[in-house]
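User: I'm new to reading protein structures and I'd like to learn on a real example. Could you walk me through it?

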Amino acid sequence: MSNTFYAPGEQRAAKVNDLFATIARRYDLINDLQSFGLHRLWKRRVVRLAKVQNGNRALDLCCGTGDIALALAQRGAETTGLDFSEKMLEVAKTRSEKLKSPTSNSQLPTPNFIQGDAQQIPFPENSFDIVTVGYGLRNLTSWEKGLEEMFRVAKPGGRIVVLEFGKPANALWRKIYFTHLKCSVPLIGLLFCGNASAYAYILESLKHYPAQLAVAEKMRGLKLANVRVINLLGGAMAINYGEKLK
Ligand SMILES: C[S@@+](CC[C@H](N)C(=O)[O-])C[C@H]1O[C@@H](n2cnc3c(N)ncnc32)[C@H](O)[C@@H]1O
């Protein structure tokens with residue numbers, strides 16, 4: 001395996017799969033360290049925006065170790081978490097099993113986790129009231145295709161919510177933030193996962209991803225209603241929101 005995880009074109013998916021297989025066991029810990037725990041707040045915001053109602057069906061794409069899918073299920077949505085990485089799904093399923101165990105304090109519903117490709121979602125159109133993706137779009141060979149698939153499987157009136165690394169508009173802040181991604185994040189990866197290049201990938205992939213403004217543009221192109229960009233930490237992170245027209 002070469003020591004860089006970013007590859008353009010056809011090799012992209014295989015490289016991304018290798019990457020997440022490598023870091024799956026340490027993924028949650030490193031997420032906390034590199035974001036100072038803030039990713040938990042941002043994911044809560046995603047779940048609030050999803051406005052779960054009784055009987056809603058939710059799909060969380062690129063679900064990884066399951067943070068967003070678990071939260072949607074606990075709010076009462078009949079939730080599916082989809083990811084193509086077996087190793088990430090193993091962690092998600094273990095977390096879910098722990099919540100279901102008789103000794104757990106929470107006896108709330110848990111998601112169904114399935115293996116699949118976010119660019120070819122294995123569900124018919126108009127299937128879900130809520131379709132989310134957290135830190136997934138940037139990893140796809142085609143983020144546009146991913147968004148089109150989210151749109152396809154959303155029901156009319158369904159909420160589509162995307163959480164992803166962003167590109168701050170302020171040049172100085174962008175420089176500081178990119179320096180954090182270039183220096184401290186790979187260092188944390190090296191120290192806690194023995195792998196700096198897996199975490200250098202974040203900046204590499206972000207450079208090739210047009211971020212929040214392009215996602216909003218694409219959402220408008222898909223004729224989503226109420227399209228919003230919510231910038232977090234001055235645009236270093238962003239949530240894109242839209243609703244499929246009824
Ligand atoms: C950075 S993790 C995000 C995990 C989780 N959503 C979170 O916010 O913590 C990205 C996830 O996307 C998954 N992924 C990447 N490309 C994918 C694809 N084409 N189809 C499904 N999952 C994919 C990876 O396996 C990985 O688990």
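Analyst: Sure! Let's begin with one term: a residue is called buried when its relative accessible area is under 20%, exposed when over 50%, and partly exposed in between. One caution before we use it: this is a predicted model. Now take strand β1: four of its five residues are buried, so the rest of the structure largely encloses this strand.

User: Okay, and how many residues of strand β2 are buried?

Analyst: Five of the six, and β2 covers residues 78–83, so this strand too is largely enclosed by the rest of the structure.

User: How do β1 and β2 run, and how many bridges join them?

Analyst: They run parallel, with five bridges joining β1 (residues 57–61) to β2. You can follow the pairing residue by residue. Leu59 has Thr80 as its bridge partner in β2, and Asp60 stands opposite Gly81 of that strand. Here's a general idea to keep in mind: in a regular strand, side chains alternate between the two faces of the sheet.

User: Let's zoom out. How many helices and strands are there in the protein?

Analyst: Nine helices and seven strands. As for burial over the whole chain, 52% of the 246 residues are buried.

User: What does the radius of gyration say about the overall shape?

Analyst: The idea is to compare it with what a compact globule would have. For 246 residues that would be near 18 Å, and the protein has 17 Å, which agrees. If you'd rather picture a box, the C-alpha atoms fill one of roughly 45 × 45 × 35 Å along the principal axes.

User: What share of the contacts joins residues 24 or more positions apart?

Analyst: Count a contact when heavy atoms are within 4.5 Å. Among contacts with a separation of 6 or more, 71% are between residues 24 or more positions apart. Ser35 and Val185 show how sequence and space can be read side by side: they are 150 residues apart along the chain, and their C-alpha atoms are separated by 9.1 Å. Ser35 sits in helix α2 (residues 27–35), and it counts as buried because its relative accessibility is 10%.

User: And how far apart in space are Asn54 and His208?

Analyst: Their C-alpha atoms are 39 Å apart, with their positions 154 residues apart in sequence. Asn54 is in the loop between α3 (38–49) and β1. With 78% relative accessibility, Asn54 counts as exposed. Another pair to try is Gln74 and Gly194, which are 120 residues apart along the chain and 34 Å apart from C-alpha to C-alpha. You'll find Gln74 in helix α4 (residues 67–74), where its 30% relative accessibility makes it partly exposed.

User: I've heard about phi angles. What sign of phi do most residues other than glycine have?

Analyst: Most of them have a negative phi. That makes positive values worth a look here. Tyr135 is not a glycine, yet its phi is positive, at about 55°. Leu233 also has a positive phi, near 50°.

User: Where does Tyr135 lie, and is it buried or exposed?

Analyst: Tyr135 is in the loop between β4 (128–134) and α6 (143–153). It's buried, with a relative accessible area of 10%.

User: What about Leu233: which loop is it in, and which residues does it contact?

Analyst: Leu233 lies in the loop between β6 (225–232) and β7 (237–243). At a relative accessible area of 44%, Leu233 is partly exposed. Setting aside neighbours within four places in sequence, Leu233 is in contact with Leu38, Trp42 and Trp173. You can also compare it with Tyr177: the two are 56 residues apart along the chain, and their C-alpha atoms are separated by 9.9 Å.

User: Last one: what about the surface and the charges?

Analyst: The protein exposes about 11600 Å², and carbon and sulfur atoms supply 54% of that. For charges, count the side chains: 33 are positive and 21 negative, with the centres of the two sets 6 Å apart.

Conventions: Residues are numbered from 1 along each chain as its sequence is written. This is a predicted model: local features need pLDDT of at least 70, side-chain atom pairs count only at pLDDT 80 or more; totals for chains, interfaces and linings use all residues. Side-chain values use heavy atoms; hydrogens and water are left out. Helices (H or I, at least four residues) and strands (E, at least two) are DSSP runs, numbered from the N terminus. The radius of gyration is taken over C-alpha atoms; the globule rule is 2.2 Å times the number of residues to the power 0.38. Buried means under 20% relative accessible area, exposed over 50%, partly exposed in between (1.4 Å probe, protein chains only). Accessible areas come from the Shrake-Rupley method with a 1.4 Å probe; for residues, only the protein chains shown count as cover. Lys and Arg count as positive and Asp and Glu as negative; His and the chain ends are not counted. The place of a charge is taken as NZ of Lys, CZ of Arg, CG of Asp or CD of Glu. Two strands pair if DSSP finds at least two bridges between them.
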